[in-house]
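Here are my notes after a pass through this one. Have the structure open while you read.

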Amino acid sequence: MSLRRIVIAAAAAVGALAGMALLAATTAHAQRLVADLTSHLIAITTGFTGTDVVLFGTVDGPSSDVVVVVTGPRTSVTVRRKDRVAGLWLNQEKAVFAQVPTYYAVAATGPLERIASTFTAQRHQLGPENIRLDTGRALPAAELTAFRSALVRNQQRAGLYSTATGQVAFLGDRLFRTNLHFPANVHTGLYNVEVFQIRDGEVVSAQTTPLVVAKVGFSAEVYEFGRNQPLAYGIAATVGALLIGWATGVAFRKM
Amino acid sequence: MLQIYLPIAEMSVDALAVLAMGGAVGFLSGMFGVGGGFLMTPLLIFIGVPPAVAVGTQANQLVAASVSGVLAHWQRGNVDVKLGLVMLAGGVFGTTLGVWLFGILQRLGHIDITISLSYVFFLGVIGFLMLIESGRAMLRRRRTTATRGKLHHHIWLHGLPLKMRFHRSKLYISALLPAAIGAIGGLLVAIMGIGGGFMLVPAMIYLLNMPTGLVAGTSLFQIIFTTAVATLLQAATNQTVDVVLALLLLVGGVIGAQFGTKASGYLRGEQARMLLAVLVVSVAGKLAWDLFARPADVFSILVGVPG
């Protein structure tokens, strides 16, 4: 799989992309919103137990709200439902969702329902219930809703989707900051950090900042070895186990 | 708390907890001569390791645990190499058949339920039979001291052709019998992802009438090879062997196995069998409960493209 290569290439591009601001909703006059992360690379090392990244930025004046949405690399997700068949709980119905973010977190300066209109929240996917989840199969509406919420619920249980809206704090009128948490089981790849400035329920300015999660050091080497030379990896694992087993056996016999 | 990141499982675990888990399962493995895979796989899945990685990794760990266990038995002359090799020949055939069956079941869907049901069936039946037998043996021992039965009873299985002499086990039986036991063991390796010791041990005791002392060492000897092949296949085809996790498990496992082997000296055969039977029946009961009880969430998700 060349996903890792893409990630590395993306990491190289991060420096260039980091400064780029993407203006939405309003036409060109002075940039209203500027935001950046303290780090654009989360390195998964052997001691990795999850990490926090600080996002900070400024808006052009008081009386506006800020919402931050982080989405992880997208992949397909299969949701299965167990039903009782002859007393046994068996997987029966399933739905496959395409392009599902493997990570989703949202932070805001207040409750989302107060800050954004329903339309804005849906359009910019603010809040876990607004994540766009498309399935190729035509399912009854009620079924689809059940499968969608099951997907979100399972991801929340794994700690990969946020359950509560995080806190974006204003320091004075214009400067804001928030803490973004990434648990130990985050997927590697390219993450998107979207920052929205919202006034009267509508997005007036927005910016997207990339963030890369990648394995580095020993854990990256093991992973690469296993991926690129699976047979050699298997032989090494087997021979290593034989040697360790033998060595410990002999050591204990002498004791 | 000493957190360590597992590069293939892609998660962070408490290293000390995993070491302790490996040690506990290793102790039982050394004591009873079973690989302990039927305990380790559910345990790993319970702490959040993806099932495929759990199966692949613990095959790797079992290689080391069984080598270490065999050495202790070898020293006491408790390994029948000839019998082990005959079983292994059957085992290779069984594993090949198992991989082929696995493919068919996967295409038909319901591979998960097949695995769960075979766990419940094999563990349940074997555990229950062992429980009855060892209970009877314990009662018999208590009642009398001197009523010795026949050295071994002849059943139709012993009339099969291709008779072979196994000096170490003092057996003169058809080679087809240990080969068939090995084949069924190999089948279980492929379908259930375990060493199969819990099935081999009672089969060797009750079907082959092997001396109990030789059973643990000989089954471990055979398991070295089946788990080594399983590790190679899993790593090469599915990339589901996490060497960091395997290392933690096997460090705990080999130490536990040494103590287990020593502890087995203090137990009489039927006591060890009774304990193993209780353990096997409990695991079967737990798995059966999971199949029939309403799950906490009837929905489950699989992230990424399956397979």
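1. Let me start with Ile255(B), which is partly exposed because its relative accessible area is 35%, and partly exposed covers what falls between under 20% (buried) and over 50% (exposed). Keep in mind throughout that this is a predicted model.

2. Where does Ile255(B) sit? It lies in helix H9 of chain B. On the surface, Ile255(B) joins Phe27(B), Leu247(B), Val251(B) and Phe259(B) in a nonpolar patch, and together these residues have about 400 Å² of accessible area. Helix H9, residues 243–264 of chain B, supplies the largest share of that patch, with 4 residues.

3. Just ahead of that helix, have a look at Thr240(B), found in the loop that runs between helix H8 (212–238) and H9 of chain B. Is Thr240(B) buried or exposed? It counts as buried, because its relative accessible area is 8% and the cut-off for buried is under 20%. As for its neighbours, leaving aside residues up to four places away in sequence, Thr240(B) touches Ile8(B), Ala52(B), Val53(B), Gly56(B), Thr57(B) and Gln234(B).

4. Over in chain A, Arg32(A) caught my eye. It belongs to the loop between helix H1 (3–18) and strand E1 (34–37). Despite the charged side chain you might be picturing, the label here is buried, since the relative accessible area of Arg32(A) is 17%, and buried means under 20%. Which C-alpha distance is worth a glance? That between Arg32(A) and Val59(A): the two are 27 residues apart along the chain, with their C-alpha atoms separated by 5.5 Å.

5. Now the interface. Chain A and chain B bury about 4500 Å² between them, and 67% of that is on carbon and sulfur atoms. The contact draws 58 residues from chain A and 50 residues from chain B.

6. On the polar side of the same interface, there are 14 residue pairs in polar contact between chain A and chain B, counting pairs with both residues at pLDDT 80 or more. How many salt bridges cross between the two chains? The rule finds 3. Arg153(A) forms a salt bridge with Asp297(B), and the closest N and O atoms there are 3.0 Å apart.

7. Which elements make up the chain A side of the contact? Those giving two or more residues are strand E5 (74–85), strand E6 (88–101), helix H4 (141–157), helix H5 (217–228) and helix H6 (230–254). H6(A) gives the most, with 17 residues on the side that touches chain B.

Definitions and conventions:
Residues numbered from 1 in each chain as written. Chains lettered and ligands numbered in written order. Predicted model: local features only at pLDDT ≥ 70, side-chain atom pairs only at ≥ 80, totals over all residues. Heavy atoms only, no water. Patch = residues over 30% accessible without salt bridge, like charges linked within 9 Å, V, L, I, M, F, W, Y side chains within 5 Å. Areas by Shrake-Rupley, 256 points an atom, 1.4 Å probe, with all protein chains shown as cover. Salt bridge = Lys/Arg side-chain N within 4 Å of Asp/Glu carboxyl O. Buried < 20%, exposed > 50% of the residue type's maximum accessible area, 1.4 Å probe, protein only. Contact = heavy atoms within 4.5 Å. Buried area = accessible area lost by both parts, 1.4 Å probe. Polar contact = N/O pair within 3.5 Å; in protein donor to acceptor, adjacent residues only side chain to side chain.
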